[in-house]
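Q: I am new to this structure and would like a close look at one part of its interior. Could you walk me through it?

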Amino acid sequence: CSAFGATFCYLLSDTFGKKIITRYFPERINNWNAQVQQHREHLFNYIAFLRATPLIPNWFINVASPIVGVPLSPFFFGTLFGVSPLCAMFIRAGTTLHQLTTTRDAFSLTSILILIAFAVLALLPVIYKKKLREKLS
């Protein structure tokens, strides 16, 4: 569901928001454009990693991606797979909410390790490509 909402924001920004976003966030757009160009070969993995981590606000990724040339397919699927671990964690926390005595219990060591594992998993193809490229050069 999150991927569809994010995609709707992407499409609205692509259709109506380019002038507004570039006017009010020119520096952020330039920085995001540089990041996207640097990760152009593995945008799916990059988007999935960003969605699994709080490095860049999700609202900004949604509205800026079409402006800097992120294609819809890696945006949608990167978002879908990037937010899935977080959604699963929150669903798990919600189903056990009646057992919680503190809010700290919702974020167990296991949950945090799963999030870290998914973030690292999203980066593995990128690291592998770089190492392979270095060996072949």
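A: Here is a tour of one helix, the core around it and some aromatic rings. Keep in mind as we go that this is a predicted model.

Let's begin with helix α3, which spans residues 43-52. Of its 10 residues, 9 are buried, so α3 is largely enclosed by the rest of the structure. The buried ones are L43, N45, Y46, I47, A48, F49, L50, R51 and A52. What lies over them? The cover includes α1, α2, α4, α5 and α6.

This helix also has a part in the largest nonpolar core, a group of 22 residues. At least two residues of that core come from each of α1 (2-24), α2 (26-38), α3, α4 (58-64) and α6 (109-136). The biggest share is that of α3, which contributes 6 residues. As a general point, nonpolar side chains in soluble globular proteins tend to be buried together.

Which residues have the most contacts inside the core? They are W32, L50, I56 and I61. I56 is a good one to look at up close: setting aside neighbours within four places in sequence, I56 is in contact with W32, Y46, L50 and I61. Two of these partners, Y46 and L50, are also among the buried residues of α3.

Now for the aromatic rings. Across the whole structure, a search finds 8 aromatic pairs. One of them is formed by F4 and F76: their ring centres are 5.3 Å apart and their planes meet at 55°, so this pair is tilted. Because F4 belongs to helix α1 and F76 to helix α5, the pair ties together parts that are 72 residues apart in sequence. The two partners differ in their surroundings: F4 has 57% relative accessibility and therefore counts as exposed, while F76, at 16%, counts as buried. Together with F77, F4 and F76 form one aromatic cluster.

W59 and F60 make up another pair. Their ring centres are 5.7 Å apart and their planes stand at 85°, so the arrangement is edge-to-face. W59 is partly exposed, with a relative accessible area of 43%, whereas F60 is buried at 3% relative accessibility. F60 has a charged partner as well: R28 lies over the face of its ring, at 5.2 Å from the ring centre.

To come back to where we started, α3 is the helix that gives the most to the core, and the cover over its buried residues includes α1 and α5, the helices that F4 and F76 tie together.

Note on methods:
Residues numbered from 1 in each chain as written. Predicted model: local features only at pLDDT ≥ 70, side-chain atom pairs only at ≥ 80, totals over all residues. Heavy atoms only, no water. Core = buried A, V, L, I, M, F, W, Y, C linked by side-chain atoms within 4.5 Å. Buried < 20%, exposed > 50% of the residue type's maximum accessible area, 1.4 Å probe, protein only. Helix = DSSP H or I, 4+ residues; strand = E, 2+ residues; numbered from the N terminus. Contact = heavy atoms within 4.5 Å. Phe/Tyr/Trp six-rings, centres within 6.5 Å; stacked < 30°, edge-to-face > 60°. Lys NZ or Arg CZ within 6 Å of the ring centre and 35° of its normal.
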